[in-house]
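Biologist: Please put the sequence and the model on the screen. Then I will ask, and you can reason out each answer.

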Amino acid sequence: MHYIVRIPDKEERIRFAADIKKILHTANIKTQDFIPNPQKNIIKCDIGIKADGLSHKILAQVLSQIERRGYTLLRHKINR
């Protein structure tokens with residue numbers, strides 16, 4: 001599943017991505033940075049983090065960071 005978080009300020013997007021990566025690295029989850037393809041996205045994205053094998057606990061930590069900061073969360077399933 002992909003989560004798209006709307007953060008208007010570019011510098012805040014970069015800080016937020018770093019904070020999320022820190023949570024994931026602390027949980028020994030490998031991450032990969034990527035730039036989303038603008039033709040395939042509903043909204044413009046300029047930073048992304050890929051991670052596999054998230055537990056419910058780690059996912060809850062990530063989602064709580066989004067909620068605490070008051071960001072808009074959009075999500076959609078990816079068919080594989």
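**From one residue outward**

Biologist: Which residues does Q65 touch, not counting those up to four places away in sequence?

Modeller: Contact here means heavy atoms within 4.5 Å. Leave out residues up to four places away in sequence, and Q65 touches F16, I20 and I23.

Biologist: What pLDDT must side-chain atom pairs reach to count?

Modeller: Residues are numbered from 1 along each chain as its sequence is written, and side-chain values use heavy atoms, without hydrogens and water. The score pLDDT is the predictor's confidence in each residue, from 0 to 100. This is a predicted model: totals for chains, interfaces and linings use all residues, local features need pLDDT of at least 70, and side-chain atom pairs need pLDDT 80 or more.

Biologist: Which element has the highest mean pLDDT?

Modeller: Over the chain, mean pLDDT is 82, and 80% of residues reach 70 or more. Elements are DSSP runs numbered from the N terminus: helices (H or I) have at least four residues, strands (E) at least two. Strand 4 (residues 72–76) has the lowest mean, 75. The highest mean, 92, belongs to helix 2 (residues 56–68).

Biologist: What pattern do the elements follow along the sequence?

Modeller: Start with the count: the chain has two helices and four strands. Read them along the sequence and the pattern is β-α-β-β-α-β.

**Helix 2**

Biologist: Is Q65 buried or exposed?

Modeller: Q65 sits in helix 2. Relative accessible area decides: under 20% is buried, over 50% is exposed, and in between is partly exposed (1.4 Å probe, protein chains only). Q65 has a value of 16%, so Q65 counts as buried.

Biologist: How far does helix 2 reach from its first C-alpha to its last?

Modeller: Helix 2 has 13 residues. The expected span is 1.5 Å times one less than the number of residues. For helix 2 that expectation is 18 Å, and the model comes close to it, at 18 Å.

Biologist: What arc do the buried residues of helix 2 cover?

Modeller: The buried residues are I58, V62, Q65 and I66. They lie on the same side of helix 2, because their arc around the axis is narrow. The arc is taken from the directions that run from the helix axis to the C-beta atoms. It is only 100°.

Biologist: Which residues are exposed on the other side of helix 2?

Modeller: Turn the helix around, away from the buried I58, V62, Q65 and I66. On that other side, the exposed residues are H56, K57, E67 and R68.

**Salt bridges**

Biologist: How many salt bridges does the structure hold?

Modeller: Side chains of opposite charge can pair when their charged atoms come close. A salt bridge needs a side-chain nitrogen of Lys or Arg within 4 Å of a carboxyl oxygen of Asp or Glu. The structure holds four.

Biologist: How many residues apart in sequence are D19 and R69?

Modeller: D19 and R69 form a salt bridge, with the closest N and O atoms 2.6 Å apart. The pair links distant parts of the chain: D19 is in helix 1, and R69 is in the loop between helix 2 and strand 4. Their separation in sequence is 50 residues.

Biologist: About how many helical turns separate R15 and E12?

Modeller: R15 and E12 form a salt bridge, 2.8 Å between the closest N and O atoms. R15 is partly exposed at 44%, whereas E12 is buried at 17%. Both belong to helix 1 (residues 10–26), three residues apart, so the gap is about one helical turn.

Biologist: Which residues form the salt-bridge network?

Modeller: First, a pair outside the list I will end on: D33 and K21 meet in a salt bridge at 3.1 Å, N to O. D33 is in strand 2 (residues 31–34) and K21 in helix 1, 12 residues apart. Bridges that share partners make one network, of E12, R15, D19 and R69.

**Strand 3**

Biologist: How far apart in space are K50 and F34, C-alpha to C-alpha?

Modeller: K50 lies in strand 3 (residues 48–51). Beyond residues up to four places away in sequence, K50 touches K30, T31, Q32 and F34. K50 and F34 are 16 residues apart in sequence. In space, their C-alpha atoms are separated by 7.4 Å.
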